[in-house]
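Please open the model in your viewer and keep the selection tool at hand. We will go from one place to the next, pausing at each stop.

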Amino acid sequence: MNKNFIYGFGSLMVLFILFGFCRPPEKLTIWMMGDSTMAIKAENKYPETGWGVAFAQLFGDNVLVKNTAKNGRSTKSFIQQGLWDTVKQGLQEGDYLLVQFGHNDEKVNKPNVGVTVDEYKANLTLFVQAARAKKANPILMTPIARRSFRNGKLINTHQAYAHAVMELADSLDVPLIDLTTLTGELLTAKGERGSKDYFLHLPEGSVNYPDGVVDNTHLNVEGAGTIAQLVAAALRRQGIPLAKELKKQL
């Protein structure tokens, strides 16, 4: 046999072996589905920030976070507008799917957005079952609390819909992060005045908000970061394996 062929073949085999050993490991993918409280914002909306943006920063380079949350979306409109199809097609075995809706599902006066509690549960069930069919790992979340105080006491504006998520998580045996309760406790501890620090409250003349803004639903940078930390703490507290991928210093 030709020596040049033998040497060439041997070199090729060495390259194959080296490539096999040096190939970078596949990244773990986290899919995020939800509304404006989770979503990535346009630059001209800063400092409004979705908590999903801050959450993605809690992981190293070995994790890929795909935040598909969109402003104004409910479980219904997320499905109808084809956003869910994109996520479902992209889901792979071992991926995580974090689902947080509710703010817009409650708006039953908007026929293309709002849903009844039963419809809400049916849509969430669809997400969970499809994820499990792909051998992915769904995690359900109740919606973050609005900054809504009455006589100094925080009002739970999500009662029926938050409770529906809790019921569903229990019946389907799905991990649950109760953000309604966690954020409600946070806002209560900060008080009516102090809790403004987490939301989009800006005076006139602010960059991107020349007329100022008072928004008790959407978060600023500090609020997004704080809620992302609440989610990370919940992952660890519940022993959800995804917590192992969080940066060690957290």
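Begin by selecting two helices together, H7 and H8, where Leu179, Leu182, Thr183 and Leu186 of H7 meet Thr226, Ile227, Leu230, Val231, Ala234 and Arg237 of H8. Bear in mind throughout that this is a predicted model. Two packed helices are described by the angle between their axes and the distance between the axes. Here the axes of H7 and H8 come within 11 Å and cross at roughly 125 degrees. That angle makes H7 oblique to H8, and the crossing of the two helices is right-handed.

Now keep H8 alone, residues 221-237, and ask what span its 17 residues should have. At 1.5 Å a residue the expected value is 24 Å, and the end C-alpha atoms of H8 are indeed 24 Å apart, so the two agree. Next, colour the buried residues of H8, which are Gly223, Ala224, Ile227, Ala228, Val231, Ala232, Ala234 and Leu235. If you show their surroundings, you will find that these buried residues pack against helices H2 (51-56) and H7 (179-194), and also against strands E4 (137-141), E7 (176-177) and E9 (213-219).

Then look at what borders H8 on either side. At the N-terminal end, Asn220 acts as a cap, with a side-chain oxygen that lies 3.2 Å from the backbone nitrogen of Glu222. Following H8 comes Gly239, whose phi is positive, near 70 degrees.

Move on to the loop between strand E1 (28-34) and H2, and select Ser36, which has its place there. Is Ser36 buried or exposed? Its relative accessibility is 9%, and because buried means under 20%, Ser36 counts as buried. Leaving aside neighbours within four places in sequence, Ser36 is in contact with Lys41, Gly50, Lys70, Asn71, Gly72 and His218. Pro47 also has its place in the loop between E1 and H2, and a cis peptide bond, with omega about 15 degrees, joins Tyr46 to Pro47.

Two further loops complete the stops. In the loop between strands E5 (149-150) and E6 (153-154), select Asn151, which has a positive phi of about 55 degrees although it is not a glycine; Asn151 is exposed, with a relative accessible area of 81%. Asp173, in the loop between helix H6 (159-172) and E7, has a positive phi near 55 degrees and counts as exposed at 64% relative accessibility.

Finally, zoom out to the whole protein chain, which has eight helices and nine strands, and in which 45% of the 250 residues count as buried.

How values were computed
Residues are numbered from 1 along each chain as its sequence is written. This is a predicted model: local features need pLDDT of at least 70, side-chain atom pairs count only at pLDDT 80 or more; totals for chains, interfaces and linings use all residues. Side-chain values use heavy atoms; hydrogens and water are left out. Helices (H or I, at least four residues) and strands (E, at least two) are DSSP runs, numbered from the N terminus. The expected span of a helix is 1.5 Å times one less than its number of residues. Buried means under 20% relative accessible area, exposed over 50%, partly exposed in between (1.4 Å probe, protein chains only). Contact means heavy atoms within 4.5 Å. A polar contact is a pair of N or O atoms within 3.5 Å; within protein, one must be able to donate a hydrogen and the other to accept it, and residues adjacent in sequence count only if both atoms are side-chain atoms. Axes are lines fitted to C-alpha atoms, for helices over the stretch in contact, and angles run from 0 to 180 degrees between N-to-C directions. Angles under 35 degrees count as roughly parallel, over 145 as roughly antiparallel, 65 to 115 as roughly perpendicular and the rest as oblique. A crossing is left-handed if the near helix is turned anticlockwise from the far one by less than a right angle, and right-handed if clockwise.
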